[in-house]
Every structure is written in C-alpha cells, then in structure tokens.
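Please take the sequence and the three-dimensional structure together, and follow the account below from a single contact outward to the wider arrangement of the chains.

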Amino acid sequence: MLSEELVDLSRLQFAITAMYHFLFVPLTIGMTWILVIMESAYVMTGKTIYKDMTRFWGKLFGINFALGVTTGITMEFQFGTNWAYYSHYVGDIFGAPLAIEGLMAFFLESTFIGLFFFGWDRLSRKQHLLVTILMAVGTNLSALWILIANGWMQNPVGAEFSYVTMRMEMVDFWAVLFNPDAQAKFVHTVSAGYVTGAMFVLSISAFYLLRGRDVEFAKKSFRIAAAFGFASICSVIVLGDESGYTVGEAQQTKLAAMEAMWETEPAPAGFNLIAIPNEAEMKNDFAIEIPWVMGIIGTRSLDQQIPGIKEIREKNRERILSGMEAVVTLEALRKTPNDAALREEFEQHKADLGFGLLLKKYVVDMRDVTPEIIDKAVADTIPRVAPLFWTFRLMVAFGFLMLALFGAALWYSIKGNFADKPWLLRASLWMLPVPWLSCELGWFVAEYGRQPWTIYGVLPTHMSVSTLSVGSLYGSLAGFIGFYTLLLAVEMYLMVRFAKQGPGSLGTGRYDNEYAHA
Amino acid sequence: MLFDYPTLKLIWWLLVGVLLVGFAIMDGHDMGVGTLLPFVGKDDVERRIVINTVGPHWDGNQVWFITGGGAIFAAWPLVYATAFSGFYWAMLAVLWALFFRPVGFDYRSKINNPTWRQTWDWGLFVGGAVPPLIFGVAFGNLFQGVPFHFADNLMPYYTGSFWALLNPFALLCGVVSTAMITFHGAIYLMHRTEGAVQRRTQTAMLVFGSLLLIGFSAAGIWLWQGIDGYAIVSAVDAGALPNPLDKEVIRQPGAWLANYDKAPLTMVLPALAYAGTLAAMLLAVNRATLAAFVASSLAIVGVIGTAGASLFPFVMPSSTDLRSGLTVYDSVSSHLTLNIMLWATLIFMPIIIAYTGWAYKVMAGKVTAAYIRENDHAAY
C-alpha cells in the first residue's frame, strides 16, 4: 500500500506544475491567431503599422512562449517520474496522443516559430504569413491532442483491460479520437485561450490609450482584440454548456458534485444558483434555485432525470462489491492464468475492476475488507462538493463578466468612439487577470472533479503514483517551487518592461518611448 | 495490419533508435553549441553570433527530445514508467538543466546588461552540457543492469540510490556522450561562423573528437573485459502478449558482445563511429563543414547504434531481479497501438524532415558581427 502522504505530495506536485504551465498556454494559443489576423491585415493592405503590430505583440508572445515550452517539458516527464503505475496501466492508450502531438503539432509549431521571429528579411510577405499560420495551426493541433489524452482520462472509451499484460489496451483508436468529451473540451479550452489572448491585447492597448501614447497603434490593436475576444467568449460559453452536457453523459458524478445536487429530483431538475452545501448531512443548508435549467443543460430534455449524489453513491456501492470480486479473481488468475472458470468469473466482474481497486487504499488483501471500509470507499467516490460548487460558479461568473466587457468593447469599436470612454479603457485594463483566473478555475473543476480517479472508473489516483520516497517528493517539490518562482519573476519583469515600453521597443523610429536598447 | 506483432516489436526497437539518433543529431548540435558558448565567444558580439547560429532552430530541434519521450511512452510504456521513476533525480536534473534553454535563448539579449547576459550564457552551457552527460551515464547503467523489480501487479520498484548511478563505467559513458554531442555541435558551429570564433571552435572540435575516439574505445574494452552482460535463457515467444515476469535471465561475462558473433554485420556500427568521427575531423579542418556535419551525424548513428545493438534484445536489464529486465519483446504496447504509431511516424516524419530542411535553408549562411549589429533588437 502506498502512503497517503506520497499520493498527496505527488498530486500536489502535478497540480502545481500543471496549473503553472497553464499560465502560459492559453496566451500562446490565443496570440497565435491574433498575430495571424494582424499579419493578414499587413499582407492585404501593405501598411507598415500592421507589420509593427505583428512584431511587437509577437515579441510579448515570445516572452510568454519561452516559459510555456520550459514548463511543458515538465508535464511530459512527470507522467513517468511520478505516475509510473499510471504510465504502465494506460500508456497503451494515453501515450499515443502524446506522441502524435509531438509528430503532428509540436514540430510544426516549434519549427515555424523560429522562422516567425527570424524570417522577416528572408521570406516574402506571403511566405512569412504562411509561416505564422502554420505556427498557429501547430499550436492549436497541439491542444487538440493533449485534450484527446485528457478527455480519455475523463471518459475512457475504446479500451479494455487485459489480465495478461495487467493494463488497459486500446481496442478502438477512433473512439479515443472522437471521444465526445475530448471534442467539447478542445473547443472550450482553445476558445478560452483565444479570450486570454484577446484580453491581453485589449488591456495593454487600453493602457496606451489611457496614457495617450502610440494612439494609432493601440486603437488598431484594441479593435482587433475586441472583435476576436467577443467571438471567442461566445464560443467559450456555448461550448462550456456543451461540456456540461457531455459531462452529464459520461461523468454524472462530477456534475452532481459541482451542482451540489444531493437528491435525484423529478425532471427537469433545477439549477442551484447559490447554495451552502453541507457534506456531513448530505444536504444544502440554503439554496436559491432556478427551476428547469439544470435538467435542460444536463440532458437536453425536459423528461430525463439527472441522478443526485445519494443515488450515485448507492450505484457505486454495488459496483464496489462487484469490483471486489474482480480483484479477487484477477489476483487468482495471475497465479493460474489458464483456469477457464476463473477467467469466466473475471469477465463477469471486469467492468467494475476499477471500483474494486478503490478498496486498495485501505487493504492489501480483499479478505480484510469490512463493511466500514466499503462505506469509506463509497464515500470516496464523490469528490468534495463545496470546492467544486464554488469554483465552477466563479468561473461562470467571470465568463459572463468578460462577455459584458467584450460586448461593450466591440459595440464602441463599431461606433468608433471607444478611445473616448475612459471607463471602458479602465475596465479593460483592470480585467487583465480575469481570463487566467477563469482558466485555472476551469481546470480545477475538471481535474478535482474527477477524483478519486486518474482514469475515471478505471484507475484510482492512490494506485497511480510512482513508488518513490516521501523525501524525494519533498525535494523535487521544493526544486520546482524554487525554479518556478524565479522563472516567473524573470518573465514578469521582462513582460512588464516591454509592455510598458510599447512598440518603441522595436527600434523602428516610428513610436513613442524609443529610448536606446537598454 | 501491415505487420505481425513480432515484426512490429522489432520495427519499434529500430524506430526508437531512429528517434534517439534524430534527437542526438538535431538537438545534439544545438546543445553542443550551448556547451561551447562561454569558451569560444570572447565578447558579447561573438557570443551572440554563437547563439544565433541555432537561434531559429533550437526549439524545433528540442521537439525530437519531446517526441522521443512521447514515443517511448506510447511504444514502451513499461520502459517509460520504470526508467523515469527509477532514475528520478537524474531525470529531474535533465529537466531542470533544460529549463535554462528556452529562457536562456529568448531572454538573454533582451536586456543589455553584462551580468544578466553572462548569467544566461552559463545557463545555456548547463542546458547544453548536463543532458548529454546524464543520458550517457544512464546508458552506462543500462549495461550494468539497474536495481529494480516488478510487483505481481507490475508496479515497478527501484531499489538503488542516485549516487550509485555515478559509478566509474557510467561516468565514462557520460564522457563519451558529452564528447560526441560537443564535437557534433562544434562542427555545426564551424559551418555557420567564420574568423576568430571558427578558429577557436576548431580547436575544441579536435579536442572533443579525440576524446570521443579514446572514450569510445575505452568503454568498448571495458565492456568486453570487465562488465557482465545479460542473456535470456528461456524460449522467447516474440509474438506473446508482453509480460516481463515470464522469462528466465542470467548474468554472463561477454554477453554484451555476443550479438556481434551472431550477426557480424552489426560490426558496421562501431566501425561507423570511428570512420565518421575521423572523417568529420578531417573534413572540418579542410573547411568542408557541411560534409563534416554529415560525417559526425553518421558517427552518432554508429555510437548510439553500437550501444543499442550490444544491449539487444534488452532495453533495461534488472540487476536485482533478473527476470524483471525489460526487453524489446515484453515492454511494448499492444499490437494495435504499435501499428497506429507506426503509421503516424511514417506519415509525419517525412513532412517534418522536409519543413525542417526548408527552415535551415531559409536561415542558411554565416552568422556575422554585421548581422548582429543590424538586428540588435530582433536577434537573440
């Protein structure tokens, strides 16, 4: 049995490094298309200002991109270093999209980013635009494959367990590829990236306009960001709703937990706008409910029920009992692999094997299982409600706040008088951190809501880790925190410095703040 | 499916080899450049010349490393799981050394302050020198066997320490690997520079080329005389579902050289290591630097190929529970996954090579002091 401390530290390290990585990813994803838009304007109009925009915003994009690459390698290492049993158990399925990501997407993105920065004088205008487009395509395809891998963790389709190899094996690659969970997640996540890129350009442009600097440059940038941002935030919200629907099919548990829905209500269920969940008594102490909404989002119907937490727990109890049989027969089968009767019995319970493995958190030998342990395992199957309930609501609130901002920004861009609206410019500046917060909250909901599993229903988190010493984990955790703090300080220093200096940093002689390259 | 399971297992052994060699040739040359940076560039302009020879390419090259890792995850999940978790601190050292590269390249010249720039120069040195050193040390340990075993549910347990990895033979392999990568980087750097930087780089090239030849020979003799190899003594069913616990392995003196008896054609590999290195040195001295780069790339094929062919069919033998040792037959993914990954590689690898070649063509030519001055704001 692996110590709980080891499992918790492994989770903490993964959470810290993944959330840190995702400070840089969404901006990269969004900025690539904004650069494509700006450069297309340059190629079509031939106006130098659009080239300068591409180069200046590209410079900030590059500062961010460097840390995205740095922290991305950590993620690929970490499955092997800290989640060795996970890597063995599902590598047959999970490894493939990661490798294909490298081949199809990451090479494309990384090769062309070099030409994006260094190819200006060596390529024709159209060739350079093509380079920028290929870089954007590579970045977005990269997100696609990562989310196919992640979607499979939430909804493990197209795979079966083999007792000979003791792992999950792929049986249908197309099912993994076209996993509805992955597809909805992909569009939701890249759209969130587009919003992040748009907010970044909008905020910094607003800053120049408030200072009355580089006005033409800032106005053109602001308009592009407003239009792109508005389209993207609409996509985020619509596709977020689509994720809600697919979650309803594959992961009712997550949905029930993030909605604090203890009982199965008659269809269509209401949506708890605000509630105070009480985990001990499995009820809400207080709730403001909007009738019908949850049922419609979750099932796309008026007559289908969404199961509440209590009903899910009782279903899971049965699966744990059946899973216990699966574990017992599997362990016997490993000793006598040719016993046909055992094999047949295992096949009967195989679908619940993952639920049986939940008991391994408490016992090594299934003969030691007591009713109390089963109760504990049943309780484990529901993630903690309050953190999910609140982070989800905060994310949604931020989403609508950004919808309002981008709506206003677009409206006044069309009217042409946004630069005379200090309140709009100030709101744009102050809301700079909001998309990052929303992205992090969204990932928290997605991954914390999957607990106690790494692979939903297949492999519990507590079995997924590497058999390292707790001391090693404290050491590596300290190392990561140290390195990442330092890197963030350096990155923020450069980012703030160049954002403040503005397009003058290009050294073209056309902009304010053209002090020497200091 | 195009190939049966036993054939696919062998193909994937070759493909992992191809990816490793691709990584060493492509990412290797910019790591070598990073290692040489503080020594062959005497002032800021010279250092910027050195950095900008790889400036547009290091990121694309690094993907060889990432894709290699991903391919091992997908094709050999047990190797990925066991090696990365077992060599925990070594892997973190590689990772943390690699941290210095993206930021070193991108941030170094954005601030005009000597301390800032010199700090990043040494960062690029660490990012260039440490990974090949550790990969060499890791290979050195593979030859001696790694202390790990599997529980019955195939959970890997590593029972050694980090310090035990740093034994004399492994350190020698680390020297060979670092010398090879630095030598290769020096040849690339000679190709892209001129004048004083090129002259200093030539000296380094001759030193590291010689070190590679001596180290490679010494490691070969040591392997022949002083290191016991491993051999499978039970019947191997290459088509069986992979189960590493289902075999019998013994430790045997000279086992690592047995393959050269069984398949004498493999002698080509060590021969290529020598011939490639010598030819590269000769060509580079005569300023046929592009041909020299091809020759040093072939030397890399020879060195890595020699290591792989000697170990075959083992990938990662165990020194403490011999049957747990991982081989090309029993650490692999399912037939379906290997097949899908083969197709993905066959489709995308030629495309990658084509656009990488184009990127190098666009940026071809010597990097000069005039280029750095004209592109003060945009160049690294």
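In this predicted model, a convenient place to begin is the salt bridge in which the side chains of A:Glu160 and A:Lys350 meet, with a distance of 3.2 Å from N to O. Chain A is divided into domain 1, made of residues 4-251 together with 383-506, and domain 2, made of residues 252-382. Between domain 1 of chain A and domain 2 of chain A, the count of salt bridges is two, while the count of residue pairs in polar contact, with both residues at pLDDT 80 or more, is 15.

Several elements of chain A build the side of domain 1 that touches domain 2: S1, helix H8 (215-250), helix H15 (385-415), helix H17 (434-448) and helix H18 (461-464) each supply at least two residues to that side. The most comes from H15(A), which gives eight residues to the side of domain 1 of chain A that touches domain 2 of chain A. When the residues of this side of domain 1 are sorted by character, they divide into 24 nonpolar, eight polar and seven charged.

The contact between these domains can also be described by distance and by area. The C-alpha centres of domain 1 of chain A and domain 2 of chain A lie 31 Å apart, and the contact takes 39 residues from domain 1 and 38 residues from domain 2. The size of an interface is often given as the accessible area lost when the parts come together. For domain 1 and domain 2 of chain A, the buried area is about 3,300 Å², of which carbon and sulfur atoms give 64%. In domain 1 of chain A, the residues that lose the most area to domain 2 are A:Tyr163, A:Val385 and A:Phe389, which together account for 20% of what that side buries.

Strand S1 of chain A, which covers residues 159-162, pairs in the antiparallel sense with strand S2 of chain A, residues 167-170, over four bridges. Within this pairing, A:Ala159 stands opposite A:Met170 in S2(A). The hairpin of S1(A) and S2(A) has four residues between the strands, and in it A:Met166 takes a positive phi near 55 degrees.

What, then, does the contact between chain B and chain A take from each chain? It takes 80 residues from chain B and 83 residues from chain A, and the area buried between the two chains is about 7,200 Å², with carbon and sulfur atoms giving 72% of it. The count of salt bridges between chain B and chain A is zero, although 21 residue pairs, both at pLDDT 80 or more, are found in polar contact across their interface. On the side of chain B that touches chain A, the elements giving two or more residues include helix H6 (114-144) and helix H12 (335-362) of chain B. The residues of that side divide into 55 nonpolar, 19 polar and six charged.

Some details of the backbone remain. Most residues other than glycine have a negative phi, and most peptide bonds are trans. The peptide bond from A:Gln451 to A:Pro452, however, is cis, with omega near 10 degrees, and A:Pro452 is found in the loop between H17 and strand S5 (453-455) of chain A. In chain B, a cis peptide bond joins B:Phe312 and B:Pro313, with omega about 0 degrees, and B:Pro313 is found in the loop between helix H11 (289-311) and strand S5 (314-316) of chain B.

Methods: Residues are numbered from 1 along each chain as its sequence is written. Chains are lettered from A and ligands numbered from 1 in the order in which they are written. This is a predicted model: local features need pLDDT of at least 70, side-chain atom pairs count only at pLDDT 80 or more; totals for chains, interfaces and linings use all residues. Side-chain values use heavy atoms; hydrogens and water are left out. Two strands pair if DSSP finds at least two bridges between them. Domain bounds come from an automatic or database domain assignment. Contact means heavy atoms within 4.5 Å. Buried area is the accessible area (1.4 Å probe) that two parts lose on being put together, summed over both. A salt bridge is a side-chain nitrogen of Lys or Arg within 4 Å of a carboxyl oxygen of Asp or Glu. A polar contact is a pair of N or O atoms within 3.5 Å; within protein, one must be able to donate a hydrogen and the other to accept it, and residues adjacent in sequence count only if both atoms are side-chain atoms. Ala, Val, Leu, Ile, Met, Phe, Trp, Tyr, Cys and Pro count as nonpolar, Asp, Glu, Lys and Arg as charged, and the others, Gly among them, as polar.
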